[in-house]
Amino acid sequence: MLEKSTLKFLLVDDEPFMLKLLSRIMSNLGYTQITSCESGSDALDWLEQPDYSADLILLDINMPEMDGVEFVRELAKRHYSGSLILVSGENERMRQTVEKLGQTYKITMLGHLQKPVNPEELSKLLAKWVPPWLNDYSLAQKVDYDVDQIRAAIINNELVNYYQPQVDVTSGKVVGVEALVRWQHPQNGMVFPDQFIHLAEDYGLIDDLTHAVVEAAFAQTRIWRDNNLYQEVSVNISMNNLNSLKFVDYMTTAAANAGIMPSDIVLEITESRLMKDLSASLEILSRLRLKRFGLSIDDFGTGYSSFALLRNIPFNELKIDQRFVHGVASNNTLRAIYNASLTLAQQLDMKTVAEGVEDREDWNFLRSTGCDAAQGYFIAKPMPAAKIPNWISNWEANIKSSDLCI
Ligand code: C2E
Ligand code: MG
Ligand code: MG
């Protein structure tokens with residue numbers, strides 16, 4: 001439990017009235033250590049005092065001398081390790097942009113509030129606040145792995161697939177699962193793909209990694225099929241896998257060896273880097289589609305040239321990136337991007353999957369839009385294969401008895 005009186009708050013706003021108001025709201029919420037500053041440079045002076053550190057800063061964006069954007073940069077320079085809330089009369093997009101900026105500087109951004117501040121909204125933000133030093137993620141040491149360790153992990157079979165369910169938005173029925181690789185590190189526990197995929201790509205190990213994931217996923221698909229749990233299984237493929245024409249033969253043989261059909265599998269392609277050899281990739285993807293593998297464009301809207309890929313490649317599924325899904329119901333910018341992606345996919349006759357459905361608001365919103373399938377923590381977190389059958393029975397019993405679906 002957080003002891004409210006031990007937490008230090010720093011309020012930065014050029015309007016004395018706002019400072020008074022915020023300060024009053026905070027003390028009504030039970031926080032007592034509050035420091036108010038009328039300018040960014042004042043606040044930085046405070047932060048430089050050896051016996052002072054702020055756990056949370058409430059920052060105005062539009063200030064005459066040093067504005068909020070500059071202040072955020074100064075915080076980053078000083079390796080500020082507390083959290084930050086933006087409080088501003090600027091419109092939502094502006095607040096979001098500054099929030100994003102803070103995130104890119106690795107500052108824990110708790111959210112942003114419109115002025116005049118509604119005490120209830122502030123209290124909601126504070127209720128979900130986990131100070132960074134109490135957060136598992138920041139405590140967990142981020143280890144920098146090197147390529148030899150990743151090579152060894154592949155050889156020693158330390159990679160395992162987790163599977164995250166995808167459900168039909170209208171009926172709630174489970175329609176598929178996405179395989180997401182994890183590295184079960186013997187000492188450090190579970191290591192997530194963002195810590196090793198890019199290394200595997202950069203050092204020529206991505207084919208070996210993909211083979212390990214594909215073989216496990218295909219064998220698992222067969223087991224589910226044999227147990228009457230038919231569902232599509234999606235596998236993430238790196239653009240770097242598409243450099244060799246052998247990839248098509250490899251995939252068709254792997255499916256045949258596992259006793260499954262290519263149409264049981266969806267290959268998710270992320271355009272996260274510029275393609276080296278565009279024509280080879282196009283040929284490989286077209287041939288995979290001809291063999292009836294499903295092709296999905298992953299993280300749509302975040303890559304270098306999603307539109308060009310759509311024009312050139314016969315994708316049959318589009319995954320709307322989680323950045324445009326979570327919070328979409330209450331955010332005009334996200335909604336515009338979400339709707340545009342959905343319409344585009346529908347006009348191209350593609351199935352749509354929304355990623356990052358984190359709460360009931362996201363779910364209800366999707367249901368009003370005609371998106372086909374949903375994936376995200378609201379439905380289920382990725383889990384080991386062995387947990388899937390039980391999860392499906394629980395979920396299906398749950399949707400029958402709840403108002404999640406019609
Ligand atoms: P992705 O393919 O877009 O996968 C979705 C990611 O979002 C997964 O992260 C998943 O755990 C996470 N996620 C799912 N639901 C939610 C939600 O509601 N909220 C939030 N915030 N996140 C959610 P994960 O497993 O860490 O994977 C990250 C990325 O690593 C994947 O993004 C994919 O691009 C890559 N990746 C994962 N497995 C493989 C693989 O076998 N091969 C390759 N080449 N890339 C992989
Ligand atoms: Mg994916
Ligand atoms: Mg994605």
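This section describes the domains, a metal site, the internal cavities and selected backbone features of a predicted model.

The protein chain is divided into domain 1, residues 4-139, and domain 2, residues 147-400. Taken over C-alpha atoms, the centres of domain 1 and domain 2 are separated by 37 Å.

The magnesium ion (ligand 3) has protein donors from Asp 298 (OD), Asp 299 (OD) and Glu 355, the last of which is listed with two OE entries. These donors lie 1.9 to 2.4 Å from the ion. Along the sequence, the spacing of the donor residues follows the pattern D-D-x55-E. Asp 298 lies in strand S11, whereas Glu 355 belongs to the loop between strand S13 (351-354) and helix H14 (360-367), so the pair ties together parts that are 57 residues apart in sequence. Asp 298 also coordinates the magnesium ion (ligand 2), which is 4.2 Å from the magnesium ion (ligand 3).

The donor residues were examined for accessibility, with under 20% relative accessible area taken as buried. Asp 298 has a relative accessible area of 6% and is buried. Glu 355 also counts as buried, at 8% relative accessibility. For Asp 299 the relative accessible area is 18%, and this residue is buried as well. Asp 299 is found in strand S11 and, although it is not a glycine, has a positive phi of about 50°.

The count of cavities of 30 Å³ or more comes to 2. The largest cavity has a volume of about 40 Å³. Its lining consists of Ile 269, Thr 270, Glu 271, Ile 297, Asp 298, Asp 299, Phe 300, Gly 301, Thr 302, Gly 303 and Ser 306. Two of the magnesium donor residues, Asp 298 and Asp 299, thus appear in this lining. Strand S11 (residues 294-300) gives the most to the lining of the largest cavity, with 4 residues. By class, this lining has 3 nonpolar, 5 polar and 3 charged residues.

The second largest cavity holds about 30 Å³ of space. The residues that line this cavity are Ile 150, Ala 153, Ile 154, Leu 159, Trp 183, Phe 196 and Leu 209. The largest share of the lining, 3 residues, comes from helix H7 (residues 147-155). The lining of the second largest cavity has 7 nonpolar residues, with no polar and no charged residues.

Leu 209, a lining residue of the second largest cavity, is also among the buried residues of helix H9. Helix H9 (residues 206-226) has 21 residues and reaches 30 Å from its first C-alpha to its last, close to the 30 Å expected at 1.5 Å a residue. The buried residues of H9 are Ile 206, Leu 209, Thr 210, Val 213, Val 214, Ala 217, Phe 218, Gln 220, Thr 221 and Trp 224. An α-helix has 3.6 residues a turn, so residues three or four places apart point the same way. H9 is followed by Asn 228, whose phi is positive, near 55°.

A positive phi of about 55° is also assigned to Asn 157, which is not a glycine. Asn 157 is found in the loop between H7 and strand S6 (159-168), and at 67% relative accessibility this residue counts as exposed. In a separate loop, between strand S5 (108-114) and helix H5 (119-127), lies Pro 116. The peptide bond from Lys 115 to Pro 116 is cis, with omega near -5°.

Methods
Residues numbered from 1 in each chain as written. Chains lettered and ligands numbered in written order. Predicted model: local features only at pLDDT ≥ 70, side-chain atom pairs only at ≥ 80, totals over all residues. Heavy atoms only, no water. 1 Å grid on protein atoms, 1.4 Å probe; cavity = no way out; pocket = protein on both sides within 12 Å on 5 of 7 lines; lining within 4 Å. Points joined across faces, edges and corners; volume = space filled by probe spheres on them. Helix = DSSP H or I, 4+ residues; strand = E, 2+ residues; numbered from the N terminus. Nonpolar A, V, L, I, M, F, W, Y, C, P; charged D, E, K, R; others polar. Donors = N, O, S within 2.8 Å, 3.2 Å for Na, K, Ca; no water. Buried < 20%, exposed > 50% of the residue type's maximum accessible area, 1.4 Å probe, protein only. Expected span 1.5 Å × (residues − 1). Domains from an automatic or database assignment.
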